[in-house]
Amino acid sequence: MSITATQITKTFGTYTALAGVDLHVPSGKLVALLGPSGSGKTTLLRVIAGLETADSGSGRIQFHAEDVTDVPTGKRGVGFVFQHYALFRHMTVFDNIAFGLNVLKRKERPSKDQIADRVHKLLKLVQLDNLGKRYPTQLSGGQRQRVALARALAVDPKVLLLDEPFGALDAKVRKELRRWLRQFHDEINLTTVFVTHDQEEALEIADEVVVMNQAKIEQVGTPQEVYDHPATPFVYQFLGNVNKLQLPWRGFSNADGSHGPFTDSSAKVAYVRPHELEVLRYRVGVDGEVASIRTIHAAGSVARLTCVRGSSEFVDVEISRQRLDELALAIDDPVLLRVRRSRTFAEDYAI
Amino acid sequence: MSSVRSSRSVLPGFGLSLGFTLAYLGLIVLVPLLAAFIRTSEMSWADFVTAVASPRVLASYKLSFGASFLAALVNSFFGLIVAWVLVRYSFFGKRVVDALVDLPFALPTAVAGIALTAIYANNGWVGGWMEPVWTAAVAKLDAWMPWASWKDWLGLKIAFDRPGVFIALTFIGLPFVVRTLQPVLEELEPELEEASASLGANRWQTITRVIFPELLPALITGFAMAFARALGEYGSVVFIAGNMPMHSEITPLLIITKLEQYDYHGATAIAVVMLVSSFCLLLLINLLQKWSRRHHRV
């Protein structure tokens, strides 16, 4: 079931949360809505879910060509998972998951056995087989979130919506759970949209990333597209680390191995990722921007250097551990920096 | 909570604070109550039974506990609605309404009693208006269902009768329920309702299956407090009750009456019965409350 949102506007008083947003989520995909807090990503998700209504006169929400704009949330066929789980504390895990089935009208409600059967299947699916009789307070954060997911799936939703599903968990559980979610999605193939402010999370598991900023969508694309070819300075800065180099620079490595000065007539700032810089030991007569080493951080898979160019322009560089050993750098050593790849944006594109 | 006596606590030690707590509670609560028991223990068993189980006293227990229970029950229902409105909606004059809730707390009980009596008496605003309406209603009911003895209810009064007791006890109990529920309602996550709605529950199902169970522990606390307060209420009730022996006489009034007749032993004996039974009831309610919040992490 695909989701199409057209020209969605949502204002809260004088605050604009969504300014005419268009979004298409293809059927069966796992899509991440990524953005800083206040970018409108959660509001968009809630509008899709029907928990929030878009401003009157603004656009429509369609699930697979069916207009659901005026359909109440309970009848839209969405499974919604909340950041803080929103489990019902007074019910067992079993009853939590069965809730959506138990509130059905008598005619539509499956029999007790059928419900029990379905709940047990779901418990198995989220790998909580034997915990049906527990209460939510007796579970860990990761387990609670999986109960919330099972509860959302119990009503056979057409789309699954997750609002910062891993936001309240600690780093390790978070990593495990998001891998699990990816795997889980591949198994059930349900159109899924999740909101996150963690770029690593979005890039790691989503089929498609929707980057949002200030009530608008900045870019939509696969993780690699948005990371390698950011459409706007915002996306560049939001996804991964980036140096903003004040042009002109003296060192630029061309693809063919030659090098020369780096200038751009239309821009004063070049966006360069830390791993797109090359470091050489300082030698007279070699092309490159002169800088000195400020810090060396070698604990990790790559070495991170902070260099200072001029008096106060800091440049982050990532090189391999091997390269660091070859260079045998020490603090305050002079080095030459060369840009391997960069991106400039036209001057008037202020952020 | 496991290391209550942790030696590295920032605040003064457990020993000091517990000692203070016990001394204070002992001085303020325990010693006076103990005096009642000691006074009573001076009586012979037969005297004690006569004092606490004479028909007039038994009738007063029935009224005191019955009306208090009913008042607390009614307060639980309407207090919940008041708390809900105060927490969930913002409207013009909300602060005034919020302050009004505390009025029964702050008002001297005698003032409350006089005011209520003035209103509900047969020549008062409400009483005067109720009288003909009630008479007409009874006549209608009698015409409709003549076999039921509706006419017996004809002389029903609010002030100077049992309904007056109930009204006074309701009046003084309301703030307890509202003030207990308010913080709990404020902390109730809206996500719970949204989760319920997104799973297809209608409003009624959301209220009865999701919200109400979340509120139940606080509601029981509020009920218990309103009930306990009503049991001990004296000032406002004596003005409105009419205080007819065997009919509209509350137990606290009976204790005062005994005191006025210099029957100190009789007074303390009834006091002891009230004390023990309220203590048992509160204990029971506490257990009930503990049961209702067994899955809530405090």
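The exercises below work through a predicted model, each with a solution in steps.

**Exercise 1. Confidence**

Task: State what pLDDT chain B averages, and find which of its elements has the lowest mean pLDDT and which the highest.

Solution:
- Chain B averages a pLDDT of 85, and 94% of the residues score at least 70.
- Among the elements of chain B, the lowest mean pLDDT, 80, belongs to helix H7 (residues 125-144) of chain B.
- The highest, 92, belongs to helix H9 (residues 190-198) of chain B.
- For the complex, the predictor gives an ipTM of 0.81 and a pTM of 0.78.
- Where pLDDT is low, the predicted coordinates should not be read in detail.

**Exercise 2. The make-up of chain B**

Task: Describe chain B by its helices and strands, its span, its burial and its contacts.

Solution:
- Chain B has 13 helices and zero strands; read along the sequence, its pattern is α-α-α-α-α-α-α-α-α-α-α-α-α.
- The C-alpha trace of chain B spans about 70 × 60 × 35 Å along its principal axes.
- Chain B has 298 residues, of which 39% count as buried.
- Take the contacts in chain B between residues at least 6 apart in sequence: 73% of them join residues at least 24 apart.

**Exercise 3. A helix pair in chain B**

Task: Decide how H8(B) is oriented relative to H10(B), and list the residues that meet.

Solution:
- The axes of helix H8 (residues 162-187) of chain B and helix H10 (residues 203-232) of chain B cross at roughly 155° and come within 8 Å.
- Angles over 145 degrees count as roughly antiparallel, so H8(B) is roughly antiparallel to H10(B).
- The crossing of H8(B) past H10(B) is right-handed.
- On the H8(B) side, the residues in contact include B:Leu169, B:Ile172, B:Phe176, B:Val177 and B:Leu181.
- On the H10(B) side, they include B:Leu215, B:Leu219, B:Phe223, B:Met225 and B:Arg229.

**Exercise 4. A helix pair in chain A**

Task: Decide how H2(A) and H3(A) are oriented to each other.

Solution:
- Helix H2 (residues 93-102) of chain A packs against helix H3 (residues 112-125) of chain A at an angle of about 125°, and their axes are 10 Å apart.
- Angles over 145 degrees count as roughly antiparallel and 65 to 115 as roughly perpendicular; H2(A) and H3(A) are therefore oblique to each other.
- The contact draws on H2(A) residues including A:Phe94, A:Ile97 and A:Leu101, and on H3(A) residues including A:Val119, A:His120 and A:Leu123.
- H2(A) passes H3(A) in a right-handed crossing.

**Exercise 5. Two residues of chain A**

Task: For A:Gln145 and A:Thr43, give the helix, the burial class and the contacts beyond four places in sequence.

Solution:
- A:Gln145 lies in helix H4 (residues 141-153) of chain A.
- The relative accessibility of A:Gln145 is 4%, so this residue counts as buried.
- A:Gln145 touches A:Val81, A:Phe82, A:Gln83, A:Tyr85, A:Pro165 and A:Leu177.
- A:Thr43 lies in helix H1 (residues 41-49) of chain A.
- A:Thr43 is also buried, because its relative accessible area is 12% and the limit is under 20%.
- The contacts of A:Thr43 are A:Lys10, A:Phe12, A:Ala17 and A:Leu18.

**Exercise 6. Cysteines**

Task: Count the disulfides over all chains, then classify A:Cys307 and B:Cys280 by accessibility.

Solution:
- A disulfide needs two cysteine sulfur atoms within 2.5 Å; by this rule the count over all chains is zero.
- A:Cys307, at 0% relative accessibility, counts as buried.
- B:Cys280, at 45% relative accessibility, counts as partly exposed.

Notes. Residues are numbered from 1 along each chain as its sequence is written. Chains are lettered from A and ligands numbered from 1 in the order in which they are written. This is a predicted model: local features need pLDDT of at least 70, side-chain atom pairs count only at pLDDT 80 or more; totals for chains, interfaces and linings use all residues. Side-chain values use heavy atoms; hydrogens and water are left out. pLDDT is the predictor's confidence in each residue, from 0 to 100. Buried means under 20% relative accessible area, exposed over 50%, partly exposed in between (1.4 Å probe, protein chains only). Axes are lines fitted to C-alpha atoms, for helices over the stretch in contact, and angles run from 0 to 180 degrees between N-to-C directions. Angles under 35 degrees count as roughly parallel, over 145 as roughly antiparallel, 65 to 115 as roughly perpendicular and the rest as oblique. A crossing is left-handed if the near helix is turned anticlockwise from the far one by less than a right angle, and right-handed if clockwise. Contact means heavy atoms within 4.5 Å.
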